[in-house]
Amino acid sequence: MESIDGAAVDALADERLDWRFKAVPAAADGMSVADVRADPLPLDAFGTPLLTLDAAALDHNIAAMAAWTRDAGVDLAPHGKTTMAPALWRRQLDAGAWGITLANLPQLRVARAFGVRRLILANALVDPAGLAWLGAQLDADPGFEFLSWVDSVRTVELMDDALRAARTDRPVHVCVELGGPHGRTGVRDDAEARTVAAAVRRAPTLRLAGTGGYEGAFAHDASAESRAAVDAYLRRVADLHRALDHETDEPVVTAGGSAYFDQVVDALGDLPGRTVLRSGAYVVHDDGFYRGISPFVRGTSGARLRSAMHGWTRVVSRPEPALALVDTGKRDVPFDDGLPVPQLVRGKGAAPVDGARITAVNDQHGYLRDASVEVGDVVRLGLSHPCTALDKWTLIPVVDDADADRPRVVDFVRTWF
């Protein structure tokens, strides 16, 4: 049985290109994605601003993470919110991913529309209408597996009430989520966690299936202090997992973003049941935050990841000798975890932007300083934080090689945010 509806993903090749997608140039109007796959377009034919993905980097990153988790003896349910792209989810699943993780109800509906068979909701679902929909999905498809989180007795009661009202047949599997002081969601102490677990066991519509958490809420860099905080938190997750009386034969313990997954494996990899990482940003990686903090950079064995995303922007004004304005801003590229970095000028190489920087972004403009550029030049940008890059684009061109003198667009990735 397929882990995702391959026919539904294949049908995306029939998508017609036109004005609905801001990445598509007028020259491609009326073409389909399949047409571009058969006869690639030069990137020069595309306007700016633009976000692209690099085909070779995507292949490399998917294979590298699949190999690393396989060698580590853990499972991977990559966080699909990074891309919201079923075509990329399919490639991750085909490479061996155990399932897909998502963050909210609309994302779950996208996944089920594409027939994803195993889903983790790294969140609590307490919306009665959403729970009724979930119950119907579980009842209609015996092969559909689902796991979500609870962090309070109130959450358990709301879920149980809604599922009873919907008259669902299959119980919803849940993990007790452990948090920590000043963190995000999750119970704050072990006693509270045991109380929540007991409430789950009393609820006929739920099953206690594991323990979950997110270590990234307690650190944001690779300093010794931050890594120690992550380790301390993960030890608490491990202790709680051992202490809870789970109701499934193979309980899940799950944690792991794309910054500290090596520490997650060290702390949780040998626990009873199934250890599931939820790293998601690795598939795209970046030239900013994750490039500096990824375990592959910090010395963990394995091939280094490559940034698969780039911004492309055109100089539209040179009002001062040291200032150029480009046509890319907050609506086009991420800026929450580091500003874009100029990497090269198309046709001129890296020299014109050596030492240059983007110092600010408006809605539709970026401030490029100390660059040897003129109006009309196209600058490639390195970006930071894929989770706030892809959400700005509903159809993303995929180039054969972003480092080539004349990259070609060989595919498109459709997103649903």
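A crossing of two helices is right-handed if the near helix is turned clockwise from the far one by less than a right angle. Keep that in mind for the second stop. The model on screen is predicted.

**Stop 1: the parallel sheet**

Start with the open sheet. Select its 8 strands in the order β3-β10-β9-β8-β7-β6-β5-β4. Their pairing is parallel. Now look at the edges. β3 (75-76) stands at one and β4 (100-102) at the other. Each has a single partner strand, so one side of each is left without a neighbour in the sheet.

Move inward to β6 (residues 145-150) and β7 (residues 172-177). These two strands pair in the parallel sense over 4 bridges. Which residue of β7 is the bridge partner of Trp149? Select Cys175 to see it. While you are in the sheet, show side chains. In a regular strand they alternate between the two faces of the sheet.

**Stop 2: two helices**

Stay with the sheet and add helix α10 (residues 261-268). α10 lies across β9 (252-255) and β10 (274-277). Against β10, the helix runs at about 170 degrees.

Next, select helix α3 (residues 55-72). The axes of α3 and α10 come within 11 Å and cross at roughly 15 degrees. Angles under 35 degrees count as roughly parallel, and that makes α3 roughly parallel to α10. The crossing of α3 past α10 is right-handed, in the sense defined at the start.

Which residues make the contact? On α3, pick Met65, Trp68 and Ala72. On α10, pick Phe261, Asp262 and Val265. Colour them by class: the contact has 5 nonpolar residues, no polar ones and 1 charged. Asp counts as charged.

**Stop 3: an enclosed strand**

Jump to strand β13 (residues 341-345). Is this strand largely enclosed or open? Of its 5 residues, 4 are buried, so β13 is largely enclosed by the rest of the structure. Buried here means under 20% relative accessible area.

Now add strand β16 (residues 378-382). β13 and β16 pair in the antiparallel sense, over 4 bridges. Pick Leu344, then look opposite: Arg380 in β16 is there.

**Stop 4: a hairpin**

Finish with strands β14 (residues 357-361) and β15 (residues 366-369). They run antiparallel and are joined by 4 bridges. How many residues lie between the two strands of this hairpin? There are 4 between β14 and β15. For a last selection, take Arg357 and its bridge partner in β15, Arg369.

Notes:
Residues numbered from 1 in each chain as written. Predicted model: local features only at pLDDT ≥ 70, side-chain atom pairs only at ≥ 80, totals over all residues. Heavy atoms only, no water. Pairing = 2+ DSSP bridges. Axes fitted to C-alpha atoms, helices over the stretch in contact; angles between N-to-C directions. Parallel < 35°, antiparallel > 145°, perpendicular 65-115°, else oblique. Contact = heavy atoms within 4.5 Å. Buried < 20%, exposed > 50% of the residue type's maximum accessible area, 1.4 Å probe, protein only.
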